[in-house]
Amino acid sequence: TMLSQHASVHVVKVGERYMLVGGSNGNVSMLAELPGDDVEAWLAHERETLAAGRKLLNPARWVRSRNQ
């Protein structure tokens, strides 16, 4: 997800772990390790959404709605 022209965040799978990494101006930093169950649920939702031709959900909104 692009945050600005020079900053973005990405979810990266390493083995069975999911990492949230941020990148900006040639730097990459690990921001957090994400719960695999949450990431897998979000991915399943996005795949279903794409298959149905609907608009994708912003990852931040997905996490927020699941935690409320």
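Strand β2 (residues 7-14) and strand β3 (residues 17-24) pair in the antiparallel sense, joined by 8 bridges. Here, pairing requires that DSSP finds at least two bridges between two strands, and the elements themselves are DSSP runs numbered from the N terminus, with helices (H or I) of at least four residues and strands (E) of at least two. The model is a predicted one, in which local features need pLDDT of at least 70 and side-chain atom pairs count only at pLDDT 80 or more, while totals for chains, interfaces and linings use all residues. Residues are numbered from 1 along each chain as its sequence is written, and side-chain values use heavy atoms, with hydrogens and water left out.

Within the pairing of β2 and β3, V12 sits opposite M19 of β3. The two strands make a hairpin with 2 residues between them, and G15 in the turn adopts a positive phi of about 65°. A second antiparallel pairing, over 7 bridges, links β3 to strand β4 (residues 27-34). Along this pairing, Y18 faces L34 in β4, and L20 stands opposite A32, also in β4. As a reminder for viewing these strands, side chains in a regular strand alternate between the two faces of the sheet.

The hairpin of β3 and β4 likewise has 2 residues between its strands. One residue deserves a look here: N25, which lies in the loop between β3 and β4, has a positive phi of about 40° although it is not a glycine. With a relative accessible area of 61%, N25 is exposed; the classes used are buried for under 20% relative accessible area, exposed for over 50%, and partly exposed in between (1.4 Å probe, protein chains only).

Attention can now turn to helix α1 (residues 36-52). Its 17 residues should span 24 Å at 1.5 Å a residue, and the end C-alpha atoms are indeed 24 Å apart, so expectation and model agree; the expected span is 1.5 Å times one less than the number of residues. V39, E46 and T49 are buried in α1. Viewed down the helix axis, the buried residues of α1 fall within an arc of 90° and therefore line one face, the arc being that of the directions from the helix axis to the C-beta atoms. These buried residues pack against β2, β3 and β4, where a contact means heavy atoms within 4.5 Å. On the face turned away from the buried side, α1 carries the exposed residues D37, R47, E48 and A51.

T49 of helix α1 counts as buried because its relative accessibility is 1%. A polar atom of the T49 side chain lies 2.9 Å from the backbone oxygen of H45. After α1 comes G53, with a positive phi near 75°.

Taken as a whole, the protein chain holds 2 helices and 4 strands, arranged along the sequence in the pattern β-β-β-β-α-α. Of its 68 residues, 16% count as buried. Among contacts in the protein chain with a separation of 6 or more, 10% are accounted for by residues 24 or more positions apart. The chain exposes about 5,200 Å², of which carbon and sulfur atoms supply 54%; accessible areas come from the Shrake-Rupley method with a 1.4 Å probe, and for residues only the protein chains shown count as cover.

Note on methods
A polar contact is a pair of N or O atoms within 3.5 Å; within protein, one must be able to donate a hydrogen and the other to accept it, and residues adjacent in sequence count only if both atoms are side-chain atoms.
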